[in-house]
Amino acid sequence: MTKAPALAAQRLQVSLGGRRIVDVPALTLPAGRWTAVVGPNGAGKTTLLKAMAHLLPAHGSVQLLGRRMEEWPGKARARTLSWLGQGEAGTDDLLAQDVVMLGRLPHQAWLAAPSAADHAAIERAMRRTQCWEWRKRPLGQLSGGERQRVLLARAFAVEAEVLLMDEPLANLDAPHQADWLLAVRELVVAGRTVVSVLHELGMALHADELLVLQCGRPVHQGASDDPVTHAALRDVFDKRIEIHKVAGEWVVLPR
Ligand SMILES: Nc1ncnc2c1ncn2[C@@H]1O[C@H](COP(=O)(O)OP(=O)(O)OP(=O)(O)O)[C@@H](O)[C@H]1O
């Protein structure tokens, strides 16, 4: 039996402020792979990711692991699909460890205390993003990068089949970007699916696949080392980037 895609969409349309922002006739995001969503500012990357996560009103149909979003019981869906948004606010008074524990809510019975498994999961996730040491500090007292590492840990702590991350590398310094890459690789090797919006194209080219968006529509989906994918990237950025391989790594230069 062929494996269902992690996410699929048909005739997916999102309008905001009276304008059509996303218009996707059909899209399939393969399971067990890392897909990076890329494109110019305003192309609709965030809006598409939110619509795929069922976080925005949209026309059309989205399936998670072969099952329509609406048919998933809420908690099972929250255990299966982990979400990291951009600039999330509202939890500044919570300790870092409590923020990460929010990622375990879909695993807990109503009003039940976190289990030993929940505590173990948040420790694993916080060690993975190197924020275990400041677990007792309120989120609001952390720097931008420290805060992002806590929010990443929350997304990892869900231990979901499918992770959707919007700008996961925001505010991260180079070593922590490398740690994130490693974490994503480990997840994919373990059969999980990662879909991330990335502005840093050199990082995006580490993904298995790129989904290139322009004006709310996918214009290309393909392997990140395929010259056809690179040509599509150059086109959506009006040929204002150069892609080179340096010491075995793709490097993207603005021009
Ligand atoms: N709530 C809203 N109301 C009206 N228009 C919106 C709203 N949110 C986003 N838009 C518009 O939708 C378009 C796509 O926005 P989106 O954030 O999805 O793009 P993006 O590709 O993620 O951009 P960026 O690279 O700048 O982060 C933009 O033109 C934006 O102005």
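When I speak of helices and strands this morning, I mean DSSP runs, H or I over at least four residues for a helix and E over at least two for a strand, numbered from the N terminus. With that in place, the loop between β5 and α2, the helix of residues 74-80, is where E70 is found. What we are looking at is a predicted model, with a mean pLDDT of 95 for the chain and 99% of its residues at 70 or more. The model's scores are an ipTM of 0.98 and a pTM of 0.96.

Let me stay with E70 for a moment. Is E70 buried or exposed? A residue counts as exposed if 12 or fewer other C-beta atoms lie within 10 Å of its own, and because E70 has 9 of them within that distance, it is exposed. As for its place relative to the far part of the chain, the C-alpha atoms of E70 and P227 are separated by 38 Å, with the two positions 157 residues apart along the chain.

From there I would like to turn to the ligand. Which residues surround the ligand? The shell is made up of L16, G17, I21, G39, N41, G42, A43, G44, K45, T46 and T47, and by class it holds seven polar residues, three nonpolar ones and one charged one. Helix α1, residues 45-52, supplies the largest share of that shell, namely three residues.

That same helix, α1, deserves a closer look. Why can we call α1 largely enclosed by the rest of the structure? Six of its eight residues are buried, and therefore the helix is largely enclosed; the buried ones are K45, T47, L48, L49, A51 and M52. Just after α1 comes H54, whose phi is positive, at about 70 degrees.

Several of these α1 residues come back when we consider V37. Leaving aside neighbours within four places in sequence, V37 is in contact with K45, L48 and L49, and also with V195, S196, V197, L211 and L213. V37 belongs, moreover, to the largest nonpolar core, which has 68 residues, and it is one of the members touching the most others, together with V38, V100, A153, L164 and A204. The largest share of this core comes from helix α5, residues 144-157, which contributes seven residues.

Now to the sheets. One open sheet has four strands in the order β2-β1-β4-β5, with antiparallel pairing, and its edge strands, each pairing on one side only, are β2, at 19-29, and β5, at 67-68. Inside that sheet, strand β1, residues 7-16, runs antiparallel to strand β4, residues 59-64, and five bridges join the two; L7, for instance, has L64 in β4 as its bridge partner.

Further along, strand β9, residues 209-214, pairs in the antiparallel sense with strand β10, residues 217-223, over six bridges, and Q214 is placed opposite R217 of β10. The hairpin they form has two residues between the strands, and C215 in it takes a positive phi near 50 degrees.

A second hairpin is made by β11 and β12, again described with two residues between the strands, and there A247 has a positive phi near 50 degrees. How many bridges join β11 to strand β12, residues 249-254? There are six, and the strands run antiparallel, with E242 finding its bridge partner in L253 of β12. Strand β11 is hardly covered, since none of its six residues is counted as buried.

Leading into β11, residues 241-246, is the loop that follows α8, residues 227-236, and K239 is placed in that loop. K239 is not a glycine, yet its phi is positive, near 60 degrees, and with 10 other C-beta atoms within 10 Å it is exposed.

Two other loop positions are worth setting beside it. Q130, in the loop between α4 and α5, has a positive phi of about 55 degrees although it is not a glycine, and it is partly exposed, with 15 other C-beta atoms within 10 Å. L102, in the loop between α3, at 96-101, and α4, at 116-128, is partly exposed as well, with a count of 15. The C-alpha atoms of L102 and A157 are separated by 8.7 Å, although the two residues are 55 residues apart along the chain.

Terms used:
Residues are numbered from 1 along each chain as its sequence is written. This is a predicted model: local features need pLDDT of at least 70, side-chain atom pairs count only at pLDDT 80 or more; totals for chains, interfaces and linings use all residues. A residue is near a molecule or strand if its C-beta atom, placed from the backbone, lies within 6 Å of it. Ala, Val, Leu, Ile, Met, Phe, Trp, Tyr, Cys and Pro count as nonpolar, Asp, Glu, Lys and Arg as charged, and the others, Gly among them, as polar. A nonpolar core is a set of buried Ala, Val, Leu, Ile, Met, Phe, Trp, Tyr and Cys residues joined through C-beta atoms within 7 Å. A residue is buried if 20 or more other C-beta atoms lie within 10 Å of its own, exposed if 12 or fewer, and partly exposed in between; C-beta atoms are placed from the backbone. Two residues are in contact if their C-beta atoms, placed from the backbone, lie within 7 Å. pLDDT is the predictor's confidence in each residue, from 0 to 100. Two strands pair if DSSP finds at least two bridges between them.
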